[in-house]
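Student: I would like a close look at a single part of this model. Please take me through its pockets, and then the strand pairing.

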Amino acid sequence: MFSTYKKLIKLNLDDLALYLAVEGGLFLVVQIIIGCVMYFARPETSVTVACVLYPIVGGLTALVAGISHVGVSFDQALRFGQTRKRALGLTLGLCAFESGFALALGGLLATVERFLCPPLWAKLAGMDGWTSGAIFFMPEGTTVNGELVSGKVLLIEDFTLDWYWWLIAFGVAVAGGIIVGALIQRFGSKGGWIIWAAVMAPMLLMQIFPQQFSSSVELIVPVLAAVFVAGFLWSIWSLLHAVVRV
């Protein structure tokens with residue numbers, strides 16, 4: 001099975017280019033925007049956003065990839081004589097591999113923004129240095145501890161998420177892709193309507209009963225989590241009993 005798994009990864013290496021294009025392109029766009037703001041507006045503060053942005057963007061990309069792999073890779077494996085269990089294992093492994101790549105890429109870009117971009121922002125803003133929490137950078141010859149600092153300093157405000165939120169975001173994305181893919185695999189176009197109803201129903205209820213929702217958040221969150229887990233378990237069962245399409 002491992003040799004088949006390696007071949008499957010090689011066949012889908014172009015998906016990694018998609019992750020690279022989406023996350024890398026977004027990184028460039030965000031940095032160009034921040035750089036233009038620094039150069040033209042000359043603010044005294046800036047923000048790091050990658051640690052919040054990439055779990056969301058990478059997660060959405062992993063969600064789309066998971067849906068496509070269930071609809072394409074899983075069905076192809078069945079057509080070529082693989083058992084449902086083996087096909088599902090290969091599909092889950094492929095989704096995990098690609099999500100791990102997206103997770104690592106997002107972490108790398110967030111690290112680049114955190115440590116390499118602030119000096120550039122400071123120069124573009126006409127500042128002599130930058131500071132962010134415990135990190136303080138000024139040119140050589142300036143003093144900081146207890147003494148007056150010569151020169152202007154750009155204050156960097158960090159918007160970050162703890163590491164486990166990254167894992168949760170990607171885990172939810174992969175599981176969500178499997179759920180949506182399984183619905184479409186079993187019900188066809190009707191599965192799309194089921195997904196639409198599942199997404200729209202909570203939104204409509206929140207609009208109709210806003211006070212009840214706001215006062216029941218502590219109950220609603222675990223209920224939604226339980227429904228999501230149940231949906232994932234159902235999707236695994238459904239794929240293990242999938243009809244082979246010819």
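**Strand pairing and pockets**

Tutor: Strand β1 (residues 45–48) and strand β4 (residues 153–158) pair in the parallel sense, over four bridges. This is a predicted model. One bridge joins Ser46 to its partner in β4, Ile156. Ser46 also belongs to the buried face of β1, together with Thr48. Thr45 and Val47 point to the other face and are not buried. In a regular strand, side chains alternate between the two faces of the sheet. The side chains of β1 do alternate in this way.

Now the pockets. The largest pocket holds about 690 Å³ of space. Its lining counts 15 residues, and Ile179, Ala198, Val199, Val227 and Phe228 lie nearest the centre. Helices α6 (163–187), α7 (189–208) and α9 (217–240) each give two or more residues to this lining. By class, the lining has 13 nonpolar residues, two polar and no charged.

The second largest pocket holds about 430 Å³. It is lined by 23 residues, with Leu8, Leu11, Asn12, Ser73 and Gln76 closest to its centre. Two or more lining residues come from each of α1 (2–11), α2 (14–41), α3 (50–79) and α4 (84–115). Of these, α3 gives the most, with nine residues. The lining of the second largest pocket divides into 10 nonpolar, nine polar and four charged residues. Charged residues thus appear in this lining, whereas the lining of the largest pocket has none.

Conventions: Residues are numbered from 1 along each chain as its sequence is written. This is a predicted model: local features need pLDDT of at least 70, side-chain atom pairs count only at pLDDT 80 or more; totals for chains, interfaces and linings use all residues. Side-chain values use heavy atoms; hydrogens and water are left out. Buried means under 20% relative accessible area, exposed over 50%, partly exposed in between (1.4 Å probe, protein chains only). Two strands pair if DSSP finds at least two bridges between them. On a 1 Å grid over the protein atoms alone, a cavity is a set of points where a 1.4 Å probe fits but cannot get out, and a pocket is an open set with protein on both sides within 12 Å along at least five of seven lines; lining residues have an atom within 4 Å of a point. Grid points are joined across faces, edges and corners, and a volume is the space filled by probe spheres set on the points. Ala, Val, Leu, Ile, Met, Phe, Trp, Tyr, Cys and Pro count as nonpolar, Asp, Glu, Lys and Arg as charged, and the others, Gly among them, as polar.
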